[in-house]
Amino acid sequence: MADIEAKLSQVTLEATVYTSEKTGSDETGTGTKEKPYKTALKGLKTLDLEKPFACYVDAKQEDAAEKFELISKTKLKDLKKYIETEARKESKQSAREVSMI
């Protein structure tokens, strides 16, 4: 256990993004605690997913001491897959447009 904690203490997050379905905005949000994005998808699209990051969403319990909690692994995996699929579609579309020229 101490070995895991030692390794975790060496990890440096490149970025942290906050999202809130309740108070956030994808148009005017900045991804900070004070001005979160509305959707986790928007927040993740602003990050380099190859580097270590943290994505926080609304806490499930209204009376929780912290307003935000880390996004679930399942939700994060689903959103990453969606972003990768969209990137592949855009790449294919760009290739088609170039070949038509």
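The exercises below, each with a worked solution, concern a predicted model.

**Exercise 1. The sheet**

Task: Determine the strand order of the sheet, the sense of each pairing and which strands lie at the edges.

Solution:
1. The sheet is open and holds 3 strands, in the order β1-β2-β3.
2. Take β1 and β2 next: 4 bridges connect them, and the sense is parallel. Two residues of β1 serve to fix the register: T16 has A54 of β2 as its bridge partner, and V17 has C55.
3. β2 and β3 are antiparallel and are joined by 3 bridges. Here Y56 is placed opposite L70 of β3.
4. The pairing in the sheet is therefore mixed, with β1-β2 parallel and β2-β3 antiparallel.
5. β1 (15-18) and β3 (68-70) pair on one side only, which makes them the edge strands. From one strand to the next, the twist averages 30°.

**Exercise 2. The connection and the central strand**

Task: State the handedness of the β-α-β unit and decide whether β2 is largely enclosed or largely open.

Solution:
1. The unit consists of β1, α2 and β2, and it is right-handed.
2. For β2, count the buried residues: 5 of the 6 qualify.
3. β2 is therefore largely enclosed by the rest of the structure.

**Exercise 3. The aromatic pairs**

Task: Find the aromatic pairs and classify each from its ring geometry.

Solution:
1. Searching the whole structure gives 2 aromatic pairs.
2. In the pair Y18 and Y56, the ring centres are 5.0 Å apart and the planes meet at 15°. Planes under 30 degrees apart count as stacked, so this pair of Y18 and Y56 is stacked.
3. Y18 belongs to strand β1 and Y56 to strand β2, 38 residues apart, so the pair links distant parts of the chain.
4. Y18 has a relative accessible area of 15% and is buried. Y56, at 23%, is partly exposed; the cut-off for buried is under 20%.
5. In the pair Y18 and F68, the centres are again 5.0 Å apart, but the planes are at 65°. An angle over 60 counts as edge-to-face, so Y18 and F68 form an edge-to-face pair.
6. This pair also links distant parts of the chain, with Y18 in strand β1 and F68 in strand β3, 50 residues apart.
7. F68 is buried, at 9% relative accessibility.
8. Taken together, Y18, Y56 and F68 make one aromatic cluster.

**Exercise 4. The nonpolar core**

Task: Identify the largest nonpolar core, name the elements that each supply at least two of its residues, and list the contacts of L44 beyond its sequence neighbours.

Solution:
1. The largest nonpolar core has 12 residues: V17, Y37, A40, L44, L47, F53, C55, V57, I71, L76, L79 and I83.
2. At least two residues of this core come from each of α2 (40-45), β2 (53-58) and α3 (73-100).
3. For L44, set aside the neighbours within four places in sequence; the contacts are then L49, F53, C55, L76, L79 and I83.
4. Among the residues that L44 contacts, F53, C55, L76, L79 and I83 are also listed in the core.
5. C55 thus appears in two places: as a core residue and as the bridge partner of V17.

Note on methods
Residues are numbered from 1 along each chain as its sequence is written. This is a predicted model: local features need pLDDT of at least 70, side-chain atom pairs count only at pLDDT 80 or more; totals for chains, interfaces and linings use all residues. Side-chain values use heavy atoms; hydrogens and water are left out. A nonpolar core is a set of buried Ala, Val, Leu, Ile, Met, Phe, Trp, Tyr and Cys residues joined through side-chain atoms within 4.5 Å. Buried means under 20% relative accessible area, exposed over 50%, partly exposed in between (1.4 Å probe, protein chains only). Contact means heavy atoms within 4.5 Å. Axes are lines fitted to C-alpha atoms, for helices over the stretch in contact, and angles run from 0 to 180 degrees between N-to-C directions. Rings of Phe, Tyr and Trp (its six-membered ring) pair if their centres lie within 6.5 Å; planes under 30 degrees apart count as stacked, over 60 as edge-to-face and the rest as tilted. A crossover is right-handed if, with the strands pointing away from the viewer, the path from the first strand over the helix to the second runs clockwise.
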